[in-house]
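Biologist: I have a model open and want to learn to read it. Please take me through it step by step.

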Amino acid sequence: MSSTRYIIVTLLKILVVISLVLILFVTGTMIGYGLVGGGNPMDVFNKDVWTHILDFFK
């Protein structure tokens, strides 16, 4: 395998892993906020929700 092909394949693998992490994070927050928290799962994309969540860490 040529070095250029190896680099491209490795970068594609990294992009797939990052994409899966982001998809799973969004899915997990929607499930957690919707089912466990009792709210609307689409509210997880609301800025006020994240402001409220981040206020707990301050």
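Modeller: We will go through a helix, some of its residues and a surface patch. This is a predicted model: local features need pLDDT of at least 70, side-chain atom pairs count only at pLDDT 80 or more, and totals for chains, interfaces and linings use all residues. Residues are numbered from 1 along each chain as its sequence is written, and side-chain values use heavy atoms, leaving out hydrogens and water.

Biologist: Which residues make up helix 1?

Modeller: Helices are DSSP runs of H or I, at least four residues, numbered from the N terminus. Helix 1 covers residues 3-36. The expected span is 1.5 Å times one less than the number of residues. For the 34 residues of helix 1 that gives 50 Å, and the end C-alpha atoms are 48 Å apart, which agrees. G38 follows helix 1, with a positive phi near 75 degrees.

Biologist: Is T29 buried or exposed?

Modeller: Buried means under 20% relative accessible area, exposed over 50%, partly exposed in between (1.4 Å probe, protein chains only). T29 has 18%, so T29 is buried.

Biologist: What is T29 in contact with, leaving aside neighbours within four places in sequence?

Modeller: Contact means heavy atoms within 4.5 Å. T29 is in contact with V44 and W50.

Biologist: How far apart in space are I31 and V44?

Modeller: Their C-alpha atoms are 9.5 Å apart, with the two positions 13 residues apart in sequence numbering. I31 also lies in helix 1. At 45% relative accessible area, I31 is partly exposed.

Biologist: Why does I14 count as partly exposed?

Modeller: Because its relative accessibility is 43%. I14 is in helix 1 too.

How values were computed:
Helix = DSSP H or I, 4+ residues; strand = E, 2+ residues; numbered from the N terminus.
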